[in-house]
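Open the structure in your viewer and keep the selection panel at hand. This tour goes from one selection to the next and says what is to be found at each stop.

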Amino acid sequence: MQKRTLVGKNLSELKQLSQELGMPAFAGKQMCEWVYQKRVTDFSDMTNISKQNREKLSKECEVGVVAPMHQVVSSDGTEKYLFRLHDGHTIETVYIPDRERATLCVSSQVGCKMNCLFCMTGKQGFQRNLTPAEIMNQILAVPHSEQLTNIVFMGMGEPTDNLDSVLTVIDILTASWGMAWSPKRITLSTVGIRKGVKRFLDESKCHLAVSLHAPDGRRARYMPAEKAFPISDMIAMLREYDFSHQRRLSFEYIMLRGVNDSLEDAAKLSELLKGLDCRVNLIRYHAIPGISLQSSSDAVIEAFRDELNKRGVVATIRASRGEDVSAACGMLASQKGE
Ligand code: SF4
C-alpha cells in the first residue's frame, strides 16, 4: 500500500487526513508545525501527538522529505541538485548564495511545453506536472534549506502551466500555519501566459518576472509561446496592476550576440516598457549543446544597460552563476537523467 505524503499538503488537507485516520482535526495543525516549522521528518519526534496516533501515522503515512540523489558544487558557491522522482524522472534545483541572500531556484514541471530555443529543458519536451509535494520537497530537502532567504520559480518548467501546485506551495510558504515567509521573498518567472499570470497576480502577492528576450516579433523565433501569447498583450494586462509598492515586476532579457543586443533594440525595449514600474535583468547566455547562439560581450551588455538607463528603464546585469556546473536550466538532468 502506497503511504500518503504529508509534505505538500496544506492545513485543510492535513486536517482532513487527520479525520480520515480517526484523529482530532487539530492534529492537522500540529503536523503543519512539525513538518513546515520544526522540520521534523520522523513521526516519533511529533511529541504533542499521542503515541497511538503517531503509530497510526507512521503506518499509513510518510513525511516525504527525500534527499537529492546527486549534487554538484560550483567554484562560485552555486550548488546544483538532482532529485529522482518516484517514477524515475529527474528534476533540478539550484542553490545560489549571494552575500546576505540565499536563493533556491525550483522546478515546477518535468520538462516543459514552451520549447524556448535557448533552453535545455525545452529540448526535453514535456513529461508531467510536479505535485505540490515534489515542489515542496526541493525546498525542504536541500542541504541549506533553513538558510534560504528567497525562492524563485525559475527552474525546469513553466510555473503558470502548473499553477494549482505552485499556488499550493506558495500558500504553504507564506501562511502563518506554514513557513510564514513574506511573499516578497518569492518570485515566479514566466514566458507570459495571460490567463495563468492573471490568476497568479490575483491570488498571490509574490513578485513576477517575465521572460522577454526580444522587444518585437523576433521573440517568436526564440520563444514559440510568443505566437499564442504575444508579449504586447501581456504588457497591456500588466499595466492594469500596481507594481509601485510591495510587489515587483521584472523582465528577463538574455543577451544574444548579434540577435537582440543592439542599441536600437534597447530603444525598442524602452518604448515597449514605457510607463511600467519595472526593472530589466540582463542575463549572459549560458551556451547549450547543439545551439549556435552566443552570449553578447560584456562591453555590449554594459552599453545596452546604459542605453536603457538613459531612457529611463532601470536595468541591471545579472551576475553569471554556476557556469562550471552546467547551471543552465535542464543541463544536469540531461546529463545525469535516466
Ligand atoms: S526557458 Fe523556461 S519556459 Fe522556456 S523551455 Fe525552458 S523551462 Fe520552459
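What covers the buried residues of α5? Before selecting anything, keep in mind that this is a predicted model. Now select helix α5, residues 132–141, and show what surrounds the helix: the cover of its buried residues includes β1, β4 (79–84), β5 (90–98), β6 (101–105), β9 and α6. Nine of the 10 residues of α5 are buried, so this helix is largely enclosed by the rest of the structure. If you colour the buried residues of α5, you will mark Pro132, Ala133, Glu134, Ile135, Met136, Asn137, Gln138, Ile139 and Leu140.

**A strand with two partners**

Select strand β10 next, which spans residues 186–190. Four of its five residues are buried, so β10 too is largely enclosed by the rest of the structure. Add strand β9, residues 150–153, and you will see that β9 and β10 pair in the parallel sense, with three bridges between them. To look at one opposed pair, pick Ile151 and then Ile186 in β10, which stand opposite each other. If you follow the chain from β9 to β10, it leads you through helix α6, residues 163–174, in a β-α-β crossover that is right-handed.

Keep β10 selected and add strand β11, residues 207–211, which pairs with β10 in the parallel sense over four bridges. Here the residues to pick are Ser189 and its bridge partner in β11, Ala209. The path from β10 to β11 passes through helix α7, residues 194–203, and this β-α-β crossover is right-handed.

While α6 and β10 are on the screen, look for Ala180 in the loop between them. Although Ala180 is not a glycine, its phi is positive, at about 55°. Is Ala180 buried or exposed? With 11 C-beta neighbours inside 10 Å, Ala180 counts as exposed, because the cut-off for that class is 12 or fewer.

**Around the ligand**

Now select the ligand and the residues around it, of which there are 12, with Cys112, Met114, Cys116, Cys119 and Gly122 as the closest. When you colour this shell by residue class, it divides into seven nonpolar residues, four polar ones and one charged.

**The two sides of a helix**

Move to helix α1, residues 11–20, and mark its buried residues, which are Leu14, Lys15, Leu17 and Ser18. They cover an arc of only 160° around the axis, which puts them on the same side of α1. It helps here to remember that an α-helix has 3.6 residues a turn, so residues three or four places apart point the same way. Turn the view to the face of α1 that points away from the buried side, and you will find the exposed residues Ser12 and Glu20. The buried residues of α1, in turn, pack against β1 (4–5) and α2 (26–37). After α1 comes Gly22, which has a positive phi, near 75°.

From α2, go on to the loop between α2 and α3 (51–60), where Arg39 has its place. Arg39 is a residue other than glycine, and yet its phi is positive, near 55°. Arg39 has 14 C-beta neighbours inside 10 Å and therefore counts as partly exposed.

**Toward the end of the numbering**

Select Leu272 in helix α11, residues 263–272. Which residues does Leu272 touch, not counting those up to four places away in sequence? They are Pro215 and Ile235. In the case of Pro215, the two residues are 57 residues apart in sequence, while their C-alpha atoms are 7.0 Å apart in space. Leu272 counts as partly exposed, with 16 C-beta neighbours inside 10 Å.

For the last stop, select strand β13, residues 279–284, together with strand β14, residues 314–318, which run parallel and are joined by five bridges. Arg279 stands opposite Val314 in β14. The chain crosses from β13 to β14 through α12, in a β-α-β crossover that is right-handed. In helix α12, residues 298–310, pick out Ala303, which is partly exposed, with 16 other C-beta atoms within 10 Å. Finally, draw a line between the C-alpha atoms of Ala303 and Asp261, which lie 42 residues apart along the chain and are separated by 9.2 Å.

How values were computed
Residues numbered from 1 in each chain as written. Predicted model: local features only at pLDDT ≥ 70, side-chain atom pairs only at ≥ 80, totals over all residues. Buried ≥ 20, exposed ≤ 12 C-beta atoms within 10 Å, placed from the backbone. Helix = DSSP H or I, 4+ residues; strand = E, 2+ residues; numbered from the N terminus. Pairing = 2+ DSSP bridges. Right-handed = clockwise from strand over helix to strand, strands pointing away. Near = placed C-beta within 6 Å. Nonpolar A, V, L, I, M, F, W, Y, C, P; charged D, E, K, R; others polar. Arc of directions from axis to C-beta. Contact = placed C-beta atoms within 7 Å.
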